[in-house]
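Colleague: I've got this one open on my screen. Can you walk me through what's going on in there?

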Amino acid sequence: MTEQGRKLMTMIDAAVNGLSHLDRLVPTVQGLGRRHAGYGVRDEDYDTVAAALVWTLGQGLGDAFTPEVKAAWIKTYTLLAATMKDASRLAA
Ligand code: HEM
């Protein structure tokens with residue numbers, strides 16, 4: 001559990017820092033998008049995952065999932081998904 005917690009925090013730290021350095025984050029996310037095309041992920045699948053993510057966060061965070069927090073997650077996910085979808089189209 002300690003090791004899993006450390007990995008999770010490292011990942012969250014990288015994501016949060018990455019948002020302040022989009023120039024470095026974007027190429028990584030573009031690569032992620034191209035790999036996802038290879039996994040068979042289609043554009044519309046991003047909406048399915050968005051709905052599942054928002055629902056799960058709401059369940060996990062409860063009252064802490066304020067409208068502001070929800071809007072921030074949707075904005076972040078939408079940016080990541082749009083970058084991934086664009087990259088997968090360029091690869092096609
Ligand atoms: C912002 C949206 C998403 C992010 C940040 C994300 C992130 C990741 C990451 C980091 C991996 C590990 C493998 C790699 O780096 O290539 C992965 C794998 C994968 N993702 Fe996503 N993903 C997203 C959306 C989706 C969507 C919409 C689907 C389809 C429903 C999906 C399906 C998969 C599949 C099938 C794998 C491979 C799993 C495996 O073979 O073990 N992902 N994703």
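Modeller: Sure, and let's start with a term: a nonpolar core is a set of buried Ala, Val, Leu, Ile, Met, Phe, Trp, Tyr and Cys residues joined through side-chain atoms within 4.5 Å. Keep in mind that this is a predicted model.

Colleague: Okay, so which helix gives the most to the largest nonpolar core?

Modeller: That core has six residues: Leu25, Val29, Tyr46, Tyr77, Ala81 and Met84. Helix H2 (22-38) and helix H4 (67-91) each supply at least two of them. With three residues, the top contributor is H4.

Colleague: Let's zoom in on Val29. Leaving aside neighbours within four places in sequence, which residues is Val29 in contact with?

Modeller: Val29 belongs to the core we just listed, and so does Met84. Met84 is also one of the contacts of Val29 once those sequence neighbours are set aside. The full set is Leu80, Thr83 and Met84.

Colleague: And Gln30, is that buried, partly exposed or exposed?

Modeller: Gln30 lies in helix H2 and touches Thr83 and Ala87, not counting residues up to four places away in sequence. Buried would need under 20% relative accessible area, and exposed over 50%. Gln30 has 29% relative accessibility, so Gln30 counts as partly exposed.

Colleague: Last one: which residue is the protein donor of the iron atom of the ligand?

Modeller: Look in helix H2, where this residue has its place. The donor atom is NE2, at 2.0 Å from the iron. The only protein donor is His36.

Note on methods. Residues are numbered from 1 along each chain as its sequence is written. This is a predicted model: local features need pLDDT of at least 70, side-chain atom pairs count only at pLDDT 80 or more; totals for chains, interfaces and linings use all residues. Side-chain values use heavy atoms; hydrogens and water are left out. Buried means under 20% relative accessible area, exposed over 50%, partly exposed in between (1.4 Å probe, protein chains only). Helices (H or I, at least four residues) and strands (E, at least two) are DSSP runs, numbered from the N terminus. Contact means heavy atoms within 4.5 Å. Donors are N, O and S atoms within 2.8 Å of the metal (3.2 Å for Na, K and Ca); water is not among the atoms, so sites may look incomplete.
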